[in-house]
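Trainee: I have a set of chains open and want to work through how they are built and how they meet. Can we go step by step?

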There are 4 protein chains.
Amino acid sequence: MSYVKDLRWKKGMKVSEIVDSFMNVGFQSIELAKAADLIVKMNKSGAKVFLTFTSNMVTSGLRGFFAQILRLGVADVVVTTVGGLEEDIMKSSGERFIIGDFSSDDVALYEKGVNRVGNLFIENESYARFEDIIGPMLKKLYEKEKRWAVSDMLREIGLMLDCEDSILYQAAKNDIPIFCPAITDGSFGFHLFMFQQDHPDFVVDVVRDFKNILFSTTHDDIKGMISLGGSISKHHAILACLLNGGLDYALYMTTARHSSGSMSGATTQEAKSWGKVKDDSDAVTVIGDVTITFPLAMVAALEKLSDEGLLKGEGLLKGE
Amino acid sequence: MSYVKDLRWKKGMKVSEIVDSFMNVGFQSIELAKAADLIVKMNKSGAKVFLTFTSNMVTSGLRGFFAQILRLGVADVVVTTVGGLEEDIMKSSGERFIIGDFSSDDVALYEKGVNRVGNLFIENESYARFEDIIGPMLKKLYEKEKRWAVSDMLREIGLMLDCEDSILYQAAKNDIPIFCPAITDGSFGFHLFMFQQDHPDFVVDVVRDFKNILFSTTHDDIKGMISLGGSISKHHAILACLLNGGLDYALYMTTARHSSGSMSGATTQEAKSWGKVKDDSDAVTVIGDVTITFPLAMVAALEKLSDEGLLKGEGLLKGE
Amino acid sequence: MSYVKDLRWKKGMKVSEIVDSFMNVGFQSIELAKAADLIVKMNKSGAKVFLTFTSNMVTSGLRGFFAQILRLGVADVVVTTVGGLEEDIMKSSGERFIIGDFSSDDVALYEKGVNRVGNLFIENESYARFEDIIGPMLKKLYEKEKRWAVSDMLREIGLMLDCEDSILYQAAKNDIPIFCPAITDGSFGFHLFMFQQDHPDFVVDVVRDFKNILFSTTHDDIKGMISLGGSISKHHAILACLLNGGLDYALYMTTARHSSGSMSGATTQEAKSWGKVKDDSDAVTVIGDVTITFPLAMVAALEKLSDEGLLKGEGLLKGE
Amino acid sequence: MSYVKDLRWKKGMKVSEIVDSFMNVGFQSIELAKAADLIVKMNKSGAKVFLTFTSNMVTSGLRGFFAQILRLGVADVVVTTVGGLEEDIMKSSGERFIIGDFSSDDVALYEKGVNRVGNLFIENESYARFEDIIGPMLKKLYEKEKRWAVSDMLREIGLMLDCEDSILYQAAKNDIPIFCPAITDGSFGFHLFMFQQDHPDFVVDVVRDFKNILFSTTHDDIKGMISLGGSISKHHAILACLLNGGLDYALYMTTARHSSGSMSGATTQEAKSWGKVKDDSDAVTVIGDVTITFPLAMVAALEKLSDEGLLKGEGLLKGE
């Protein structure tokens, strides 16, 4: 039996220390501490780890953190939405997003050519410059092949980038596939459409990509998931794992609630009825804003893995 | 200036009456009353109306309500996720979903072959039988063409069904396109993959479908949106409208919050910074479970449209 | 076994009809339909019904609805916070609250002497005039007695009002006690303090009022609760019932979530561990804005009780 | 102009470092970083700082953290609910609360005499032993005086305890008043009632305590607030500050949303319309579970205050 213990500040407290002490605080802090442990456990077990996140997280400074995680070898498969991939490319070419405010005058922002995502701002110009970048990329892809599975295409794009903080770059370099089941749902979709107008035989084959994600793991693999936010990223990764026998480890971090029956708010508990998460699996759900909960849990986990010499990619970070 | 008025029950109170009185109650009830008015306004203006919803709403009894709305001519374009379309087909062939409980024993359910979605249950057998239905459908599609835009494919499938309560059927019959930007993200994706294994030249062309949604409306159209829940359904419809100059009317109904910068929780206010919703547009956000808020607002709106003889498809319902 | 049924609009649909059909829709609509049934059941069983709500609901147009419910005999004990009681008095003397907007310029409002509560506005003048009303009331109370239990004091104040839509008035007239465990937490508290400055022997005895609420029901009573929102109103009523053996019927309607361990978000499930809600009780939790969910459930319940001739106070409404 | 910066893990990362980097991440992590800065600013300004929290936070391990904060001199006035104070006394006499699970079998727990608060458990026996402690305390109080303002009573009780981790003890020892506007809303209320049965002249004077909180600060004071969760704790402290001219610094940390017009979810923005928070004040709202957000922001703030030698009570911790 474990008991509530009074949290106490001490000078110079590390992230890993406070997360450790959260295990005895209560409510979501306990779930957060369990999340850190679960990430460690997944990695020690040799599980194939699916990492899913939504576009807004790439708008935020989590983007480089995701790239670092891929580099460190803590995740093996990525599933996300296209908006974030566009922004990863933008940032890789030097675009900077602005710290703004939740209660901005949105009409005034519009007139200034500024787009708001919560308390972050993206300028129209960033999208305009994206147009100049993506065009030549599509051309190169087309010269190589006419029919592309999405994850293969994203891998090629990653190899065209040169940015240590890029998700696409690190994924490509470390042989981590990125799946994006709704590849046209963004500015990228518009550019694909424009390209196809002039090259009607250019095909993005989403069905072939289903094969790719299905074969990205097997029944025999131990399978884990770190799902940040909801949406199809979460659903698609779960689906691929379900078709391979279900998850052994499942970590959901979200603000959504289960009361409306949505996928975004579905708990690891509900997932058990589907066989998405195995009966006897380790499963944790943390309710809260991912920009806070995920870095905390992951930093605490990285700390432990590093202490035990289990951080595969850590050597790569040396000297930076 | 408008004032708070005390709500009062009277015997035999109609939905339209209570929604009317909500305009003077407070908090979300006011937003709900505004939503009803906005739906009326959109329709009177001759706007092209985009209706978006998530799969869990099709799991629920809203499915037949959506079909009815399409039949009545209150929406012109549908954007949704594939899970719901699968379930629409299942229900069209007689499958029944069970009223369950939020706090079920999920492991026990799994053992009984029952999958939980909030407080609703779907049996494994329903999915098994879906397999028998979808196979022949894909074959017919393939015989007709090798390369399909998603919405064209969904239209064909709708025409193969024969169920007045089916979304796919009513959409097809009433020339309403259904867009589904992540067509592989479900059981349907698995069956597409299986089919492609034997028919490698079978292609689902999502890029061509981007063209379809882009051309489903124009800059000159008055454009309205009824967005239920979040996810890519919401985002995709907004994107298509943004590329055509932005929305004149926007109704968002959701449980998500804007505090995490997600698309699901993004408000009509934030949308203005992007030009997604025009500066001077009518825009309403209603926070709450869509299974309650949407029927109320829509029933009140249908009532008014019917009273004014503006319900295009109402004649069709006669005699039922 | 019960199944999902497609919701269908028909012309002239009544509130009670749509709530009935909600029983087969899904997610929170089912819980709402159960809530309506539970209210009917509580009343038929002859239960002593505790109704709790927070101040903001009295700011809204639910205020007169609460008064009507007390008049109709559907609740027997009220627990609430003092802000709402102040506003009930204000409204009884003709003050009107304004329909405003969630995204107002709050600094500008402040300069105009307007206070915002969500999308409702209260003018400073309303509070100023409240001062003129409450002073003489306290004087009368003091002349009658020096030491007052809160609920006795509120009863006297109710009798001084003359407004059919007043909660205090209808409660007093129908012998329904109103408990308010934090009576000083508002403008009323300030006026009590000012009065006590000049009348040091004036005492508001909250301990004696604990006795009153404890004796407002018994172990032998069948006990029911309709708890709207959270806060101490909810907690205090539950406490009184717990000390009398626990609730037989419990309906919680709230937007709060259970994930933070708060009382506001605590579910009827959690309440069972405390014996607050009996093991075999009927208990329903509806997640959503009370200005929508409560009127719907209550109107549907009133309809049924009226149909069966069980609405005690209905005769009183005749001729209005 | 400030820009989004990619978050990066480095070995041995401190809480203060990650919170610093949150300032450039996005969404709630930015608000959290601002919260830390605001706490520092309040303290440097010499503001009178009101700290409010709800009972469930005292159930958790935040209890000793609150005590430590009082000891360190970072807060000057406390407002809370009675449940937490009861539990502070219980814990001071050695009671231990259990780490449990959100999805427990509540009926089974009830049968074992275990009460659930989210994922924490409290045994019935803890309440039984509380009875033995509180009785003699009330007797001592009564012997000293017959009529008690709440905060005076709580101060006396604090002095009877001997526990460094106790909120009541540290508050009493450091001359920090604790206000509890609904003192009877808990087990404590029951014991007060029992005591008054035998000692009818025993009076808990809540009106006099209103005077105490009103005079706990002045118009001339710089005033700050750290409000954790909602409920009357938040409202009461705001009220006292409003009557003294409004807050200069306001930090709200909560999971509640503003969409329902509740006090718990009211933002610092809305507070400006009331003059609760001054126009030009520094105000931050952080959405999220307080067991995570508060320790992070406060630890980061303590770190900075300590670095600058501004932590009044830090010397007291030496040698522990």
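Trainee: Which residue of chain B comes closest to the rotation axis?

Mentor: Keep in mind that this is a predicted model. A turn of 180° and a shift of 0.0 Å along the axis lay chain B on chain A, with an RMSD of 0.0 Å. That is the relation of a two-fold axis. By C-alpha position, at 2.2 Å from the axis, the closest residue of chain B is Ala182(B).

Trainee: Why can one say that chains A and B meet through the same surface?

Mentor: Start with the contact counts. Chain B puts 58 residues in contact with 58 residues of chain A. The copies meet through the same surface because the share of interface residues of chain B that are also interface residues in chain A is 100%.

Trainee: Which element gives the most to the side of chain B that touches chain A?

Mentor: The contact involves 58 residues of chain B. Elements that each supply at least two of them include α3 (55-59), β4 (114-117), α10 (187-198), α11 (206-214) and α12 (231-242) of chain B. By class, this side has 24 nonpolar, 23 polar and 11 charged residues. With six residues, the element that gives the most is α11(B).

Trainee: Now chain D. Which residue has the C-alpha nearest the axis there?

Mentor: Chain D is also laid on chain A by a turn of 180° and a shift of 0.0 Å along the axis. The RMSD is 0.0 Å. At 1.9 Å from the axis, the nearest C-alpha in chain D is that of Lys14(D).

Trainee: Which element gives the most to the side of chain D that touches chain A?

Mentor: This contact takes 51 residues from chain D and 51 residues from chain A. The elements giving two or more residues are α1 (15-22), α2 (28-44), α4 (62-72), β3 (98-99) and α14 (290-307) of chain D. With seven residues, the one that gives the most is α14(D).

Trainee: How many charged residues does that side of chain D have?

Mentor: Sort the side of chain D that touches chain A by class. It has 23 nonpolar and 19 polar residues. The charged residues number nine.

Trainee: On to the fold. Which strands stand at the edges of the open sheet in chain C?

Mentor: Six strands form this sheet, with parallel pairing, in the order β7-β2-β1-β9-β10-β11 (chain C). An edge strand has a single partner, so one side is left without a neighbour in the sheet. The edge strands are β7 (178-179) and β11 (277-287) of chain C.

Trainee: Which residue of β7(C) does Val78(C) stand opposite?

Mentor: Strand β2 of chain C covers residues 77-79. Two bridges join β2 to β7(C), and the two run parallel. Opposite Val78(C) stands Ile178(C).

Trainee: At what angle does helix α2 of chain C run to β11(C)?

Mentor: Helix α2 (residues 28-44) lies across four strands of chain C. They are β1 (48-52), β9 (223-228), β10 (247-254) and β11. To β11(C), the helix runs at about 130°.

Trainee: Last, what radius of gyration does chain A have?

Mentor: Chain A has 15 helices and 11 strands. Of its 320 residues, 65% count as buried. A compact globule with 320 residues would have a radius of gyration near 20 Å, and chain A agrees with this. Its value is 20 Å.

Technical notes:
Residues are numbered from 1 along each chain as its sequence is written. Chains are lettered from A and ligands numbered from 1 in the order in which they are written. This is a predicted model: local features need pLDDT of at least 70, side-chain atom pairs count only at pLDDT 80 or more; totals for chains, interfaces and linings use all residues. The radius of gyration is taken over C-alpha atoms; the globule rule is 2.2 Å times the number of residues to the power 0.38. A residue is buried if 20 or more other C-beta atoms lie within 10 Å of its own, exposed if 12 or fewer, and partly exposed in between; C-beta atoms are placed from the backbone. Two strands pair if DSSP finds at least two bridges between them. Two residues are in contact if their C-beta atoms, placed from the backbone, lie within 7 Å. Axes are lines fitted to C-alpha atoms, for helices over the stretch in contact, and angles run from 0 to 180 degrees between N-to-C directions. Copies are superposed by least squares on the C-alpha atoms of residues with pLDDT of at least 70 in both. Ala, Val, Leu, Ile, Met, Phe, Trp, Tyr, Cys and Pro count as nonpolar, Asp, Glu, Lys and Arg as charged, and the others, Gly among them, as polar.
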